[in-house]
Amino acid sequence: MKAFESLYREYYQKVYAFLYRLCADADLAEDLTQETFLQAYTSFHRFRGECEVFTWLAAIGKHVYFKYLKKKKLRLDATNLELVAQSYMKGDCSPEEHVHKKDVEDAVRQIVNNIPKKYRDVVLLRIYAELPFSQIALILKISESSAKVIYFRAKKMLMEVLKHELEM
């Protein structure tokens, strides 16, 4: 029990930040974080140490979040995709650029909703959890090179659709 309490104190903020970045709702992120640690506690005996602890917790958190979306019959449009748009458009922005940024976020949301699950999982873990490809590979049970290829293909699809739809 003491070991798990220590784990909770050490990783709580990082797991909360990851989930907050996914849902952009402080109360929901708090609930999801609690559920993540509850599930981690009940399955702690199965943690084999094949990946970093945060990677394991992020995988649990991702599943908790997707379970929440499914239960509430929500899709990924409930996900905060501002980070993806920010990576596309850098710097401060004027009101006109802010509107354009929102258009980019909407386009990204539609694209992410329509890409296959394997692409979506890699994109979410890379962008929101900021996990290295080696950790993404462990979570998804694929090779590191597969994780890289999937991410770069998803990114390429995203950029092509954005350029086409938004005439960038």
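Author: The bend at a residue is the angle between two fitted axes, one for the seven residues ending there and one for the seven starting there. The model discussed here is predicted.

Reader: Where is the kink in α1 centred?

Author: Applied to α1, that angle shows a kink of about 50°. The kink is centred on Y11.

Reader: What distance separates the end C-alpha atoms of α1, and what span should its 22 residues have?

Author: Helix α1 covers residues 2-23. At 1.5 Å a residue, taken over one less than the number of residues, these 22 residues should span 32 Å. The distance between the end C-alpha atoms agrees with that expectation, at 30 Å.

Reader: Which helices do the buried residues of α1 pack against?

Author: The buried residues of α1 include F4, L7, Y12, Y16 and L22. Y11, the centre of the kink, is also one of the buried residues. Their packing partners are α2 (26-42), α3 (53-71) and α6 (117-127).

Reader: What phi does A24 take?

Author: A24 comes just after α1. Most residues other than glycine have a negative phi. The phi of A24 is positive, at about 55°.

Reader: At what angle do α1 and α3 pack, and which word describes that angle?

Author: The axes of α1 and α3 are 10 Å apart, and the angle between the helices is about 45°. Angles from 35 to 65 degrees fall outside the parallel and perpendicular classes. Therefore α1 and α3 count as oblique.

Reader: What is the handedness of the crossing of α1 and α3, and which residues of α3 make the contact?

Author: The crossing of α1 and α3 is right-handed. On the α1 side, the contact is made by L7, Y11, K14, V15, F18, L19, L22 and C23. On the α3 side, it is made by V53, F54, L57, A58, G61, K62 and Y65.

Reader: Is V53 buried or exposed?

Author: V53 lies in helix α3. Its relative accessibility is 19%, and the cut-off for burial is under 20%. V53 therefore counts as buried.

Reader: Which residues is V53 in contact with, leaving aside its neighbours within four places in sequence?

Author: V53 and L7 are 46 residues apart along the chain, with their C-alpha atoms separated by 8.5 Å. Leaving aside neighbours within four places in sequence, V53 is in contact with L7, Y11 and F47.

Reader: At what angle do the axes of α2 and α3 cross, and how is the pair classed?

Author: The axes of α2 and α3 come within 9 Å and cross at roughly 120°. The perpendicular class ends at 115 degrees and the antiparallel class begins over 145. That makes α2 and α3 oblique.

Reader: Which residues of α3 make the contact with α2?

Author: The crossing of α2 and α3 is right-handed. From α2, the contact involves L28, L32, E35, T36, F37, Q39 and A40. From α3, it involves W56, L57, I60, G61, V64, Y65, K67 and Y68.

Reader: Which residues of α7 make the contact with α6?

Author: The axes of α6 and helix α7 (residues 133-140) come within 10 Å and cross at roughly 135°, which makes α6 oblique to α7. Their crossing is right-handed. On α6 the contact is made by D121, V122, L125 and R126, and on α7 by F133, I136, I139 and L140.

Reader: Why does D121 count as buried, and which residues does D121 touch?

Author: D121 lies in helix α6. D121 counts as buried because its relative accessibility is 5%. Not counting residues up to four places away in sequence, D121 touches K62, F66 and L140.

Reader: Is K141 buried or exposed?

Author: K141 sits in the loop between α7 and α8 (144-166). K141 has a positive phi of about 55° although it is not a glycine. At 74% relative accessibility, K141 counts as exposed.

Reader: Which residues is M157 in contact with, leaving aside its neighbours within four places in sequence?

Author: M157 is in helix α8 and, at 30% relative accessibility, counts as partly exposed. The C-alpha atoms of M157 and I115, 42 residues apart along the chain, are separated by 8.9 Å. The contacts of M157, leaving aside neighbours within four places in sequence, are with I115 and Y119.

Reader: What percentage of the contacts between residues at least 6 apart in sequence join residues at least 24 apart?

Author: The chain has eight helices and zero strands. Of its 168 residues, 42% count as buried. Among contacts between residues at least 6 apart in sequence, the share joining residues at least 24 apart is 63%.

Note on methods
Residues are numbered from 1 along each chain as its sequence is written. This is a predicted model: local features need pLDDT of at least 70, side-chain atom pairs count only at pLDDT 80 or more; totals for chains, interfaces and linings use all residues. Side-chain values use heavy atoms; hydrogens and water are left out. Helices (H or I, at least four residues) and strands (E, at least two) are DSSP runs, numbered from the N terminus. Buried means under 20% relative accessible area, exposed over 50%, partly exposed in between (1.4 Å probe, protein chains only). Contact means heavy atoms within 4.5 Å. Axes are lines fitted to C-alpha atoms, for helices over the stretch in contact, and angles run from 0 to 180 degrees between N-to-C directions. A crossing is left-handed if the near helix is turned anticlockwise from the far one by less than a right angle, and right-handed if clockwise.
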